[in-house]
Amino acid sequence: MTSAYELSLGAAVACAGVVFWTVGEERRGVRRARLVLAGGGVVADEPWDVARVLGPVRERWRAEWWAPVVGAVLGVLGASVLPVLAGAVAVPLVRRVRRAAEERREREGRVDAVIGLCAALAGEVRAGRQPGEALTLAARESAGLCEARAGVLAAARFGGDVPAALAVAARQPGAEGLLGLAACWRVAVDQGAGLAAGLERVEEALRAERDQRADLRAQLAGPRATAVMLAGLPVLGLGLGAAIGADPLGVLLHSGAGLGCLVVGGVLEGVGVWWVARIVRGAEVV
């Protein structure tokens, strides 16, 4: 039977990991704010900066590597190798989820960068600059389009095919709005139409589309949180069972009926999470 000491040890390890992760992120944000408020000056490091110490560790110790740690803790508490194997199997799944989240953030960053590029370019054109010079100045300030900025800058500086360069840059996820910029550029050059007015309309359309997606994501936050809470109920049940001395890990890992329930429950849990994620993704696409 799992002792209270082992449960306390496992909970302490998990809480320590969460605390160090949170404190490191908070310290990093505090230092960033101090650098901004310093106006480019030098900010002295504290004698012991948690963010500086844990930064390299967090870069190498990705979220997926917590799965084997949790599996090892559960394996020790349950005196079984099955949680360790499950933690190892979960590594590629968690890595896939992490990479999907990173790609989504990069895509959203490119959307914001395209909107900022359209606004900056329209402002430069209205200020009296030539389109090529205006695009060069505006593209240099678009940090979210670093991958495609070189081709666009080269085309604008040396008289190349700017719409073609923008179309190539628009192939990146989130940068599709550059196609509208390319169309405005082509119409302005070929027919002499106002480039700034077209860019402002493209900016407004992209901004409205982004706000609509943000509103839809906010409306889906409730169902997503409910799904996460329901997915975590089995873990809560195991904790409550261990708290009252029922030894749920021993039953699940060391008996035939328990192993059967564990397999069936795990499959149903995975299918449920996948189905909810599929519904949410479908709603976001629509």
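**Salt bridges, buried arginines and odd turns**

Modeller: There are 11 salt bridges in this structure, and keep in mind that the model is a predicted one.

Biologist: Okay, take R98 and E102. What makes that pair a salt bridge?

Modeller: The N to O distance between their side chains is 2.9 Å. The cut-off is within 4 Å, between a side-chain nitrogen of Lys or Arg and a carboxyl oxygen of Asp or Glu, so R98 and E102 qualify.

Biologist: Where do R98 and E102 lie?

Modeller: Both are in helix 4, four residues apart, which is about one turn of the helix. R98 and E102 also belong to a network of salt bridges that includes E64 and R95.

Biologist: Why is R98 called buried, and what is E102 called?

Modeller: R98 has a relative accessible area of 16%, and buried means under 20%, so R98 is buried. E102 comes in at 25%. Partly exposed runs between 20% and 50%, so E102 gets that label.

Biologist: How do you know that E124 and R129 form a salt bridge?

Modeller: Their closest N and O atoms are 2.7 Å apart, and the limit is 4 Å, so E124 and R129 count. R129 is partly exposed, with a relative accessible area of 35%.

Biologist: And what makes R213 and E209 a salt bridge?

Modeller: Same test: 3.2 Å from N to O, set against a cut-off of 4 Å, so R213 and E209 pass. Both sit in helix 9, four residues apart, about one turn of the helix. R213 has 30% relative accessibility and E209 has 40%, and each counts as partly exposed because the value lies between 20% and 50%.

Biologist: Now R110. How do you know that the side chain of R110 makes a polar contact with the side chain of Q172?

Modeller: The distance is 3.3 Å, and a polar contact needs N or O atoms within 3.5 Å, so R110 and Q172 make the cut. R110 is found in helix 4, residues 82-126.

Biologist: Is R110 buried or exposed?

Modeller: Buried: its relative accessible area is 11%, and the line is drawn at under 20%, so the label fits R110.

Biologist: Let's do the aromatics. How many aromatic pairs does the structure hold?

Modeller: One. W274 and W275 form that pair, 5.9 Å centre to centre with 50° between the planes.

Biologist: Why is the pair of W274 and W275 called tilted?

Modeller: Under 30 degrees would be stacked and over 60 would be edge-to-face, so 50° leaves W274 and W275 as tilted. Their centres also meet the rule of within 6.5 Å. W274 is partly exposed at 46% relative accessible area, and W275 is partly exposed at 43%.

Biologist: What makes the phi of A79 worth pointing out?

Modeller: Phi of A79 is near 55°, a positive value in a residue other than glycine. Most residues other than glycine have a negative phi. A79 lies in the loop between helix 3 and helix 4.

Biologist: Which other residue has a positive phi although it is not a glycine?

Modeller: D247, at about 55°. D247 lies in the loop between helix 9 and helix 10.

Biologist: Why is A79 called exposed, and what is D247 called?

Modeller: A79 has a relative accessible area of 57%, and exposed means over 50%, so A79 is exposed. D247 has 18%, which is under 20%, so D247 is buried.

Conventions:
Residues are numbered from 1 along each chain as its sequence is written. This is a predicted model: local features need pLDDT of at least 70, side-chain atom pairs count only at pLDDT 80 or more; totals for chains, interfaces and linings use all residues. Side-chain values use heavy atoms; hydrogens and water are left out. Helices (H or I, at least four residues) and strands (E, at least two) are DSSP runs, numbered from the N terminus. Buried means under 20% relative accessible area, exposed over 50%, partly exposed in between (1.4 Å probe, protein chains only). A polar contact is a pair of N or O atoms within 3.5 Å; within protein, one must be able to donate a hydrogen and the other to accept it, and residues adjacent in sequence count only if both atoms are side-chain atoms. Rings of Phe, Tyr and Trp (its six-membered ring) pair if their centres lie within 6.5 Å; planes under 30 degrees apart count as stacked, over 60 as edge-to-face and the rest as tilted.
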